[in-house]
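These are my notebook entries from going through one model, element by element. I kept to what I could look up directly.

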Amino acid sequence: MRPVSQDRLRAALSTDQDSLFQVAWQRALSDPAVPAPATWGLLSSPPGARSDLPGACAAALRDDGAALHHLDSLDAPEALLPDRVLALCTAASAAEGTGLPERVRTQLEAVLGDVQSWLARERPPGARLVVVTRCAVSTGVGEPGPDPVQAAVWGLVRSAQTEHPQALQLIDLDNDPASMALLTRAASSEHPQLAVRAGEVRVPRLVRAVSAAQEGALAPLSVPLPAASGAWRLRSVTKGRLDGMALVPCADGADAECPDRPLAPHEVRVAVRAAGLNFRDVLIALDMYPGDATLGSEAAGVITEVGSAVTGLAPGERVMGVMPDSFGSAVVADSGLIARIPESWSFTDAAAFSIVFLTAHYALTDLAKLQPGETVLVHAGAGGVGMAAVQLARLAGAEVFASAGPGKRGTLRSLGLDDTHIVSSRDLEFEQSIREATGGRGVDVVLNSLSGKFVDASLRLLAAGGRLIELGKTDPRSQEEIAVDHPGVRYRAFELLEAGSERIQEMFTELFAHVAEGALRTLPTTAWDMRRAPEAFSFLSQARHVGKLVLTVPRPIDPEGTVLITGGTGTLGTALARHLAATHGVRHLLLTGRQGPEAAGVDELRASLAEYGATLTVAACDVTDRAALTSVIAGIPSRHPLRAVVHAAGVLDDTVVTSLDAGHLDRVLAPKADGAVTLHDLTRHLDLDAFVLFSSFAGTVGSPGQGNYAAASAFLDAFACRSAAEGTRAASLAWGFWADSSAMTGHLEDTDRARIFRGGLAPLTAQEGLALFDAALATPEAQLVPVRFDTARLADEVTAGTVPRLLERLAGTPRRRGALVPAPGGRDRRGGQGEDALRDRLIRADRDERAGLVMDVVQTQAALVLGHAEQELIGTDRAFKDLGFDSLTAVEFRNRLKAVTGLRLPATLVFDHPSPRALTAHLCAELAALPGGADSDGPQTAAETDDAGITETADIIDTLDAESLIDLAYSDADS
């Protein structure tokens, strides 16, 4: 492959710093609220809508004492209409099989009707229509991908807000009851757009992409430029910290760990596309794993080479399985531990399957020998292995009980368990409740991942002849001990690889058959770009996920593959085609457009591309014609398979929101939104290096007269985010205004351009735009905003209050995020003092100054570990437990504080000193006693010692997940 040159990438990244943006959702620190109206209106949902949103909103308003009027429409006499009316976006009713294009139209037409009716009325000052959505936007790390249908509503209403300020408000809710409780307050505020997440009000602000990482906890990693086309690995280079990971080039081929080394006879070389993230990996990164271990244990990818003794597998085949050291661009695997990926599966599906299902299957079938009619208890049933085991045990005809924490019970219900069969993993009540449910008999099999008295209770619960299969091995017992204390009970701990390659191959076959029959479901999976590994590790460590997390592998566009550009014969498409050939080395370009080869400039483009050794194919194809697009893609030669898609097709049909109708919506949605869905459907099974959607800044900020185009653009942005979370190499670029005239902008007159530029926008030259395209592809982000601003004019507009609040931060200095955020082993993120200088300052400060500095350190480091963008969220007196700390985040927090202060601190630090204020007092006392301290009375006192370390062997932890560790932490606390 030919990577982008270092000089070109540096130039692109330089442009990126000025003109590549993201939407960051920040806590609404101030709450400019007006008095809540005494009466509220709630518009009825359309017949057949399936949503709990209307009932929940009504209950929240009544709980706040509001007098609520249910309205069938906005046609009531003015005197009867409340000043604040909520229009709810519920799931649009649709016939079986109706897809996204139909649903987005149904929802948009419903909201458009409400907006137009509201705007047509005489309204008293302050009257507002509040459009309420659910999960239309993604506001932070780990949130599920936004719903493209709900997101399109935001694009439409954003544009309506630019035409009718103060008349409309957008509120997006999650499923947390604490968020619903804030509905009245949110709808009474003066924020035009806001989201409520976990009981916190957030507002959107546009920030530069290079500073976006500084707003959150962990910065993305960069693929090392020398290895952009070679082998690289994810490594934990600073032990004990999740921000201490890096992507590093591999050693030369003579190194045993190098994926480019010569193959042994039974080995295969695999280009990794996705790798499953397991709890073992988090422990390695936090330096809690015994011995030397490498990150990654399972993956999916494409074979590039096979050993001399390998049969039945060949280069080019998609494979999955147990692959140690798989967090990187390539891996060498044992051919006996892998299998072909089922045809309908994505790499993400495959990467999440092997460890959890093989472990559960071997435990239940081979070791427990589970029989139909028997009863089984699966501990940590909402974890990865637990979810697989629940399905397999039910498939075997067993009665299944499962334990889980309070926040994961819904996951077990989705697997078919009722509340009688779901028990708590936080206390020992499960023993009595299961005994009662089984008429006193107990269970035949326990799959265990807990310890201490939880194991004792599980053993007591076993009936005669019962079997306890130990998964976690955090509290191993001997069969001799079990025979004395629990006669007739069999105990077995194991490692998956003891099954042997032959049995593992058999299990793959058996499991695939069950999936094909519909008897097993793959686990819910969320994909993270491997450059976002620190965030993914942090998310897993806090047990915030359901199912499995998977890391996807970034890679450049294969120059020998084909790149498809829709709308490719237009100004932007032809410029991009030249750029891909000249800069990325792409040799096969396929452009589609309505005019096809008859489009102006095609012959000149063909000749220009030939100078770079590239071939051009131009097809007359309307992207809205699914059959024609299918034919075009099917015609791509197999020797140059499709490797990238750039969806640039689109049309404009501008009109103000009060004149917008279904026809206007359809004419714009069809090529933009429908085209994206069709392209995704036709290419999702292919091994794409990039799937890029061209949207518009109008969908991000709103644009007068472009409600339909803004809706389509917001749809694309959300669709890319959702697709990326599913493992697709998807990204949406919300372009600003291009200087070069195109078919879509050629109609603009000087007055139109002047209006655009008055708002602070500046035109992008072709050179700037193409550099931004490169910069965007070099990031792990699925949604970016390449746009150029005239910052001086924007500052004037901000001062005058004539620009959207989304842009307010761009005209001034971003608000101070945190005072003390030193980077590992060096300077802090603002280029200031490093850890050594900060430590010296903490020691030498007087009592009052030290207290303030240490509190700042504690709050900032806590915010970083928990993934908060604002240290103010930590507070001074909230308990660390209530803030979300668990055993793993406590360890990382301790490690960070050790690095900053130089003190020896125990892993139980946040439990011994349970609030920021208490911890600050403790750290100040320790620092004051150090030599050189301003108030030191003598030599250093004995500091608290480090924790003794982990003594379990590697196999003890291999099968643990975050749910299991948290269960273990609770059981230890009670013992």
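**Entry 1: Trp118 and the cores**

I began with Trp118 in this predicted model, and, leaving out residues up to four places away in sequence, I found that Trp118 touches Leu74, Leu81, Pro82, Asp83, Val85, Arg123, Ala127, Arg128, Leu129, Ala167 and Leu168. I then looked up a second core, separate from the one around this residue, and noted that it has 59 residues, including Met320, Val378, Val390 and Phe512. Going back to the largest nonpolar core, I recorded 65 residues, of which Leu108, Trp118, Leu129 and Phe715 touch the most other members.

**Entry 2: Trp154**

My next stop was another tryptophan, Trp154, which I located in helix 4, residues 148–163. Is Trp154 buried or exposed? Its relative accessible area is 1%, which is under the 20% cut-off, and I therefore entered Trp154 as buried. With residues up to four places away in sequence set aside, I listed the contacts of Trp154 as Trp25, Thr133, Ala136, Val137, Leu170, Ile171, Asp172, Gln193 and Leu194. For Thr133 I could add that its side chain and that of Trp154 are joined by a polar contact of 2.9 Å. I also checked Val132, which is 22 residues from Trp154 in sequence, while the C-alpha atoms of the two are 9.6 Å apart in space.

**Entry 3: Strand 8 and its partners**

I turned to strand 8, residues 200–208, and found eight of its nine residues buried, so this strand is largely enclosed by the rest of the structure. Which strands pair with strand 8? I found that strand 1, residues 20–27, pairs with strand 8 in the antiparallel sense over seven bridges, with Gln22 standing opposite Val207. Strand 7, residues 193–197, also runs antiparallel to strand 8 and is joined to it by three bridges, and here Val196 stands opposite Val201. Strand 7 and strand 8 form a hairpin with two residues between them, and I noted a positive phi of about 50° for Ala198 in the turn.

Within strand 8 I looked more closely at Glu200, which at 18% relative accessibility still counts as buried, because the cut-off is under 20%. The side chains of Glu200 and Arg202 are joined by a polar contact of 2.9 Å. Apart from neighbours within four places in sequence, Glu200 is in contact with Arg27, Leu182, Ala195 and Leu873.

**Entry 4: The six-stranded sheet**

Finally I traced an open sheet of six strands, with parallel pairing and the order 18-17-16-19-20-21. Its edge strands are strand 18 (422–424) and strand 21 (490–493), each of which pairs on one side only, and the twist averages 20° from one strand to the next. Inside this order I followed strand 16 (residues 375–378) and strand 19 (residues 443–448), which run parallel and are joined by three bridges. Val378, which I had already listed in the second core, stands opposite Leu447 in strand 19.

Which helices lie across these strands? I recorded helix 13 (residues 429–437) as lying across strands 16, 17, 18 and 19, running at about 155° to strand 18. Helix 14 (residues 453–461) lies across strand 16, strand 19 and strand 20 (462–470), and I noted an angle of about 145° to strand 20.

How values were computed:
Residues numbered from 1 in each chain as written. Predicted model: local features only at pLDDT ≥ 70, side-chain atom pairs only at ≥ 80, totals over all residues. Heavy atoms only, no water. Pairing = 2+ DSSP bridges. Helix = DSSP H or I, 4+ residues; strand = E, 2+ residues; numbered from the N terminus. Axes fitted to C-alpha atoms, helices over the stretch in contact; angles between N-to-C directions. Contact = heavy atoms within 4.5 Å. Buried < 20%, exposed > 50% of the residue type's maximum accessible area, 1.4 Å probe, protein only. Core = buried A, V, L, I, M, F, W, Y, C linked by side-chain atoms within 4.5 Å. Polar contact = N/O pair within 3.5 Å; in protein donor to acceptor, adjacent residues only side chain to side chain.
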